[in-house]
Amino acid sequence: METIKVQTARREELVDITALIQEVILRSGVQEGVAHLWSFHTTCGITVNEGADPDVARDIAWKLGDLIPREETAYRHAEGNSDSHVKTSLVNPGATLLINSGELALGTWQSVFLAEFDGPRVRKVGVQIAKAG
Amino acid sequence: METIKVQTARREELVDITALIQEVILRSGVQEGVAHLWSFHTTCGITVNEGADPDVARDIAWKLGDLIPREETAYRHAEGNSDSHVKTSLVNPGATLLINSGELALGTWQSVFLAEFDGPRVRKVGVQIAKAG
Amino acid sequence: METIKVQTARREELVDITALIQEVILRSGVQEGVAHLWSFHTTCGITVNEGADPDVARDIAWKLGDLIPREETAYRHAEGNSDSHVKTSLVNPGATLLINSGELALGTWQSVFLAEFDGPRVRKVGVQIAKAG
């Protein structure tokens, strides 16, 4: 297992980590298999979505905040980040990506994002590569 | 990795792809392991839910549209499908399914669906089979 | 594949199953790899979030109920649990967790939960362990 570090800049944002994951795959030498990603945090997750137009990532972060606002009188968790925990369970802390011919098998428009919901912070993502067969 | 193609018929719908995945598993000959599924798109995902009563799939698609409407004045992405991108990050583009005795290890009521959020389109799903042990 | 059983106590709750998963990993003897978890149900899922403060799990269950209420005149599924199905597709029925040095590689605050959305019931979770390399 390798661990990559990501510095986020805002409370809520999607940070493109595709190149970092691709580097781990290249180092592993695996041609065909999968990359298991895992965020070691409870207020940020992993998602894959469009990377070409940054407005897509912005719209995702905005809509999640619209659905799950920071303040709710019914929240009991005293740290003021219940919204971040809820969003993490919806987006998920992990993802399993396919590897084909030594590279991430992503669609034309897909990028891998760390979805920060309680930044800015330094985040750690574990990457476990598994060979096919 | 095998790739299966799915033709969707509506903008938003859940299409049962259980039999297609089962065929890939049978061809692989793997008895015990997992099947990693991956949608190569940013506006459709993979989900597993009840297949017996089609109203369940309909209710899921309806409720997602109710929570995440197509039109929001705050959306910035100009293509008019920000809702499809948000839904895809919530439902997820991939899934890892268990294989037991050469078949998908699903519960009695579980079916595998491609969750279309911006159709109708032809969609591609990658399937990577991994042997246990 | 091993199957663990979980008795839930309420209609909606997050039940910590971290210790049960850890036991399966210990029995497998795998030092480096992944644990694939799968709920064989369409109205409960698997999620990973904060286990230290029980208010986090409570806030997640509450907020999901707030977003996806039990009663909606537009629901068609006649069993009265369409909300449970929708929540399951959002939280996901499965998760792939990393194993490092023979133990679950979780962050300091992470616990593994069965997310019950239509209990109380006895639930079954499949666990497939895969060695790295």
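The following dialogue goes through the helix contacts, the chain copies and the empty spaces of one predicted model.

Student: What should I know about the numbering and the model first?
Tutor: Residues are numbered from 1 along each chain as its sequence is written, while chains are lettered from A and ligands numbered from 1 in the order in which they are written. The model is predicted, local features need pLDDT of at least 70, side-chain atom pairs count only at pLDDT 80 or more, totals for chains, interfaces and linings use all residues, and side-chain values use heavy atoms, with hydrogens and water left out.

Student: Why is helix 2 of chain A called roughly perpendicular to helix 3 of chain B?
Tutor: The axes of helix 2 (residues 54-67) of chain A and helix 3 (residues 82-91) of chain B cross at roughly 70 degrees and come within 9 Å. Helices are DSSP runs of H or I, at least four residues, numbered from the N terminus. Axes are lines fitted to C-alpha atoms, for helices over the stretch in contact, with angles from 0 to 180 degrees between N-to-C directions. Angles of 65 to 115 degrees count as roughly perpendicular, under 35 as roughly parallel, over 145 as roughly antiparallel, and the rest as oblique. The crossing therefore makes helix 2 of chain A roughly perpendicular to helix 3 of chain B.

Student: Which residues meet there?
Tutor: A:V56, A:D59, A:I60, A:K63 and A:L64 meet B:S82, B:H85, B:V86, B:S89 and B:L90. Contact means heavy atoms within 4.5 Å. The residues of this contact comprise five nonpolar, three polar and two charged. Ala, Val, Leu, Ile, Met, Phe, Trp, Tyr, Cys and Pro count as nonpolar, Asp, Glu, Lys and Arg as charged, and the others, Gly among them, as polar.

Student: How do you know that chains C and A are related as by a three-fold rotation axis?
Tutor: A turn of 120 degrees and a shift of 0.0 Å along the axis lay chain C on chain A with an RMSD of 0.0 Å. The two copies are thus related as by a three-fold rotation axis. Copies are superposed by least squares on the C-alpha atoms of residues with pLDDT of at least 70 in both. In chain C, the residue closest to the rotation axis is C:L90, at 3.4 Å (C-alpha).

Student: What makes a space a cavity and not a pocket?
Tutor: On a 1 Å grid over the protein atoms alone, a cavity is a set of points where a 1.4 Å probe fits but cannot get out, whereas a pocket is an open set with protein on both sides within 12 Å along at least five of seven lines. Lining residues have an atom within 4 Å of a point. Grid points are joined across faces, edges and corners, and a volume is the space filled by probe spheres set on the points.

Student: How many cavities of 30 Å³ or more are found in the whole structure?
Tutor: One. The largest cavity has a volume of about 420 Å³. Its lining has 32 residues, and the closest to its centre are A:N92, B:N92, B:G94, C:N92 and C:G94. By class, 20 of the lining residues are nonpolar, twelve are polar and none is charged.

Student: What lines the largest pocket?
Tutor: The largest pocket, with a volume of about 320 Å³, is lined by 18 residues, of which A:F40, A:H41, A:R121, A:R123 and C:W109 are the closest to its centre. Its lining holds three nonpolar, nine polar and six charged residues.

How values were computed. Helix = DSSP H or I, 4+ residues; strand = E, 2+ residues; numbered from the N terminus.
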